[in-house]
Amino acid sequence: MALPTPSPITQSPEWQALREHHPDVAGSSLRRLFAEDPGRAERLAADVDGVHLDYSKHRLTDETLRLLVALAERAGLSERIDAMFSGAPINTTEGRAVLHVALRAPRDQQVRIEGHDVVGDVHAVLDRMAAFAHEVRSGSWSGQTGEALTQVVNLGIGGSDLGPAMAYEALRDRAGAPLTCAYVSNVDGSDLGDVLARTDPERALFVVCSKTFTTLETLTNARSARAWLVERLGEAAVGRHFVAVSTNRDEVAAFGIDPANMFEFWDWVGGRYSLPSAVGLSVMLAIGPERFRQLLAGFHAMDEHFRTAPFEANLPVLLGLIGIWYTDFFDAQSTAVVPYAQRLVRFPEYLQQLDMESNGKSVDRWGRPAAAPTGPVLWGTVGTNGQHAYFQLLHQGTRLVPCDLIGFGRLPTELGDHHDLLMANLFAQAEALAFGRTAEEVRANGVAPELVPHRTFAGDRPTSTILLDELTPYALGQLVALYEHKVFTQGSVWGVNSFDQWGVELGKALATTLAGQLVAPGAPAPGAHDGSTDALVAHYRRLRGRA
C-alpha cells in the first residue's frame, strides 16, 4: 500500500515559524549578536573526532537552530537516514538503494539488499584491488617489456574522474612509492594528447573507469590510448597495460582486457559517490592499500556520526540546515567553498558535482514542482588565491554568498612560516567578512571623506570555518563524507531525490545524434534540429571542409 503524499514542506508550521523568525535575525548584525552574547563563539561550535566546526559567524541564533532542527524533524530526516543505511530503495526514480556508506563499512558490519549482504562483496573487491596494488607498487606486475609500471593514467569522466583526481592531488605527498597519476576526462583530444606526450609507454598503466564500458567520452579516450600503446608496444601489450573498473565483462573483454583484471562496482553506487569503490583504484595504487583503508575509515567515522548524533550536534546536519536557512530565507543564490590548502585545489570542483548534480532539481520526489528554491550554485578555489580574485565581491558586492573556509593544523609539506601566514589569512577573512569596517572606523583612520564609502565594509557576510588536525587520508574521508551527508540533509528537507541525474541524460542523447551528423558524408536535412542548431552544424561542417 502506497504511503500518502505529504504536504510540501513549505506548508508546515515549522517552515512558517522560520519565515516569521527571519526578520528578527535579518534585522540584527553579527557585531550585535556577538556583543550581546559573550559565550556565542564557544557555544556555536562543535568538535567531532578531529573536525572542528565554528558556525558562530552565521546570521542565526539559538532560536534559529531550534527551528531548523524542528524543520528537519518535520521533513522526516531521521527516517530518511535510517532508510539509506538499511538499504531501502530511496532512489525512487530508478528503484535503487543508495549505499555508498556500505563502501566504507568494516568487514564485520552487514548491510543487506533483498537479503544479500553487500559488505562482503565490497571487501572482496577491495581485497582484489589491494592485491593488484601491491603487485604494481612492488614491480611484480610489470609491463610488456618488463619495466615497472610507474605512470598511472585514469580514463573516466564525472564521478569516475573528479573524485579520484581530487583525492590523488590531496594525498599524493603520502604516496610512499615512485608512482604518479594523471587524469583524463575531456573528449577534447588535447587532454589525452598532453598526458600521452609525457607518458612512457613501457611504464604506463591505463585504468579505464566506466560502469557500462560504453561512456562516450571515456571510451573515445580509451580507444585512442589503446591505439597509441599498440603502435609502440604491439597488440599483446594491452593486457599488461590496461585494467578496467566496470561491470560489463563482455565489453571489457572485447577491448582486450582480461575480465580477471576488471574491478567491479554496483548500481547502488552513484558516480559522484563512488570514490571509495573500485573507482578509487588509481588512488590506492598511488598511496597504497593501507592508506586507502585509512581513507575509508575516515568516511565511516563520519557516516557513524551522521547516523547517530543528535541533530543539534550533528556536523553534516548543521551545515545542511544552515545552507537551507540562507538559500530559502535569505535568497542566497550560491555558496563558496574555499580550502586553505593547495592540495585541495580540486575539492571545490569535486563538490560542484556532488552538490549540484544531487540537489539541482526542480521537482520533488512525488513529481510536484519544488516548493522552495533547492540546490545553490557551488563554487570556489583555494585560499589565498581567491582573496585576489573574487573576494572583492564577497566583501563589498551586492550578493550574499555564504562561505565555507577549510583549514588544517598541519599540512604534509610545510615551508618556513608559510602555514602560519596561510592560516592567518583564513582567520582574517572570516573576521573581515563577519564584522566588516564601519564608516566611523574608516574616518578614524584619517581617510578622506569622499573615499569613506569606498572603504567601508558592511560585514554580516556569513562563514563556516572547518578546521581539521592534519590533511591525512582519514581526514579527507571525514571531509568528503561531511559534505555528502550535508547534501543528503538538504535534499531530504527539500523533498527531492538527491540520487538521480536525469538532467545529464538529455544532452548526452542529443550529442550522440549530432556527432554522426557532424561527420556524415551528406549534410543533415533542414529541420533536423532547431534553426540555431541547424545553422551551427552547417557552419561547423564548413569549417571542417564538409559543406
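Two strands pair if DSSP finds at least two bridges between them. Strands (E, at least two residues) and helices (H or I, at least four) are DSSP runs, numbered from the N terminus.

You're looking at a predicted model, where local features need pLDDT of at least 70, side-chain atom pairs count only at pLDDT 80 or more, and totals for chains, interfaces and linings use all residues. Residues are numbered from 1 along each chain as its sequence is written, and side-chain values use heavy atoms, leaving out hydrogens and water.

**Stop one: the sheet.** Show strands 5 to 9: these five make an open, parallel sheet in the order 6-5-7-8-9. At the edges, pairing on one side only, are strand 6 (180-184) and strand 9 (262-263). Now pick strand 5 (residues 151-155) and strand 7 (residues 204-209), which are joined in parallel by five bridges. Opposite V153 you'll find F206 of strand 7.

**Stop two: the rings.** Select W15 and F329. Rings of Phe, Tyr and Trp (its six-membered ring) pair if their centres lie within 6.5 Å; planes under 30 degrees apart count as stacked, over 60 as edge-to-face and the rest as tilted. There are 20 aromatic pairs in the structure. In this one, the centres are 4.8 Å apart and the planes at 40°, so the pair is tilted. Add W325, Y326 and F330, and you have a cluster that ring pairs link together with W15 and F329.

**Stop three: charge over ring.** Here NZ of Lys or CZ of Arg is within 6 Å of the ring centre and within 35 degrees of the ring normal. Try R240, over the face of W141 at 4.2 Å from the ring centre.
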